[in-house]
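Visitor: I have a new structure to look at and would enjoy some company. Could you walk me through it?

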Amino acid sequence: MSLRVLDRNARAVCEGNNGACQWVPLFTQRYVIEIRNQGKDLARYFLVVE
C-alpha cells in the first residue's frame with residue numbers, strides 16, 4: 001500500500017513512509033489523500049486524522 005497527500009496543485013506534500021505521513025496542513029487549502037493498493041490481494045487499512 002502507498003499513501004500520499006496532494007495539495008490543490010496536485011503536488012505531493014507528504015508521501016507515506018511505512019504507511020505513515022505527517023504534515024501540518026494550511027487551513028485555507030484543500031488536500032487529496034491517496035491510498036493505493038499496489039498488490040493483487042485485498043488490503044485493509046484505517047485512516048487517523050487529528
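Visitor: Does alanine 10 count as buried or exposed, and at what relative accessibility?

Guide: Glad to help, and please keep in mind that this is a predicted model. Alanine 10 sits in the loop between β1 and β2. The cut-off for exposed is over 50% relative accessible area. Alanine 10 is past that cut-off, so the residue counts as exposed, at 56%.

Visitor: What is the phi of alanine 10 in the hairpin of β1 and β2?

Guide: Most residues other than glycine have a negative phi. Alanine 10 takes a positive value despite not being glycine. The hairpin that holds alanine 10 has 5 residues between its strands, and there the phi is near 65°.

Visitor: Which strand order does the open sheet have?

Guide: Let's build it up from the pairs. Strand β1, residues 2-6, runs antiparallel to strand β3, residues 32-36, and 5 bridges join the two. β1 also pairs with strand β2, residues 12-15, in the antiparallel sense over 3 bridges. The open sheet of 3 strands therefore has antiparallel pairing and the order β2-β1-β3.

Visitor: Why is one side of β2 and of β3 left without a neighbour in the sheet, and what is the average twist from one strand to the next?

Guide: β2 and β3 stand at the edges and have a single partner strand each, so one side of each lacks a neighbour in the sheet. From one strand to the next, the twist averages 20°.

Visitor: What are the bridge partners of valine 5 in β2 and in β3?

Guide: Happily, valine 5 can be followed in both directions. In β3, its bridge partner is isoleucine 33. In β2, the bridge partner of valine 5 is cysteine 14.

Visitor: Is glutamate 34 buried or exposed, and what is its relative accessible area?

Guide: Glutamate 34 has its place in strand β3. Leaving aside neighbours within four places in sequence, glutamate 34 is in contact with Ser2, Leu3, Arg4 and Leu6. Buried means under 20% relative accessible area. Glutamate 34 falls under that cut-off, so the residue is buried, with a value of 18%.

Visitor: How far apart in space are valine 24 and cysteine 14, C-alpha to C-alpha?

Guide: Valine 24 is found in the loop between β2 and β3. With 75% relative accessibility, valine 24 counts as exposed. Valine 24 and cysteine 14 are 10 residues apart in sequence, and their C-alpha distance in space is 9.8 Å.

Visitor: How much space lies in the largest pocket, and which residues are closest to its centre?

Guide: The largest pocket holds about 670 Å³ of space. Its lining is made up of 19 residues, and the closest to the centre are Leu3, Cys21, Leu47, Val48 and Val49.

Visitor: Which strand gives the largest share of the lining of the largest pocket?

Guide: By residue type, the lining divides into 15 nonpolar, 3 polar and 1 charged. Two strands, β1 and β3, each supply at least two residues of the lining. The largest share is 3 residues, and that share comes from β1.

Note on methods
Residues are numbered from 1 along each chain as its sequence is written. This is a predicted model: local features need pLDDT of at least 70, side-chain atom pairs count only at pLDDT 80 or more; totals for chains, interfaces and linings use all residues. Side-chain values use heavy atoms; hydrogens and water are left out. Two strands pair if DSSP finds at least two bridges between them. Helices (H or I, at least four residues) and strands (E, at least two) are DSSP runs, numbered from the N terminus. Buried means under 20% relative accessible area, exposed over 50%, partly exposed in between (1.4 Å probe, protein chains only). Contact means heavy atoms within 4.5 Å. On a 1 Å grid over the protein atoms alone, a cavity is a set of points where a 1.4 Å probe fits but cannot get out, and a pocket is an open set with protein on both sides within 12 Å along at least five of seven lines; lining residues have an atom within 4 Å of a point. Grid points are joined across faces, edges and corners, and a volume is the space filled by probe spheres set on the points. Ala, Val, Leu, Ile, Met, Phe, Trp, Tyr, Cys and Pro count as nonpolar, Asp, Glu, Lys and Arg as charged, and the others, Gly among them, as polar. Axes are lines fitted to C-alpha atoms, for helices over the stretch in contact, and angles run from 0 to 180 degrees between N-to-C directions.
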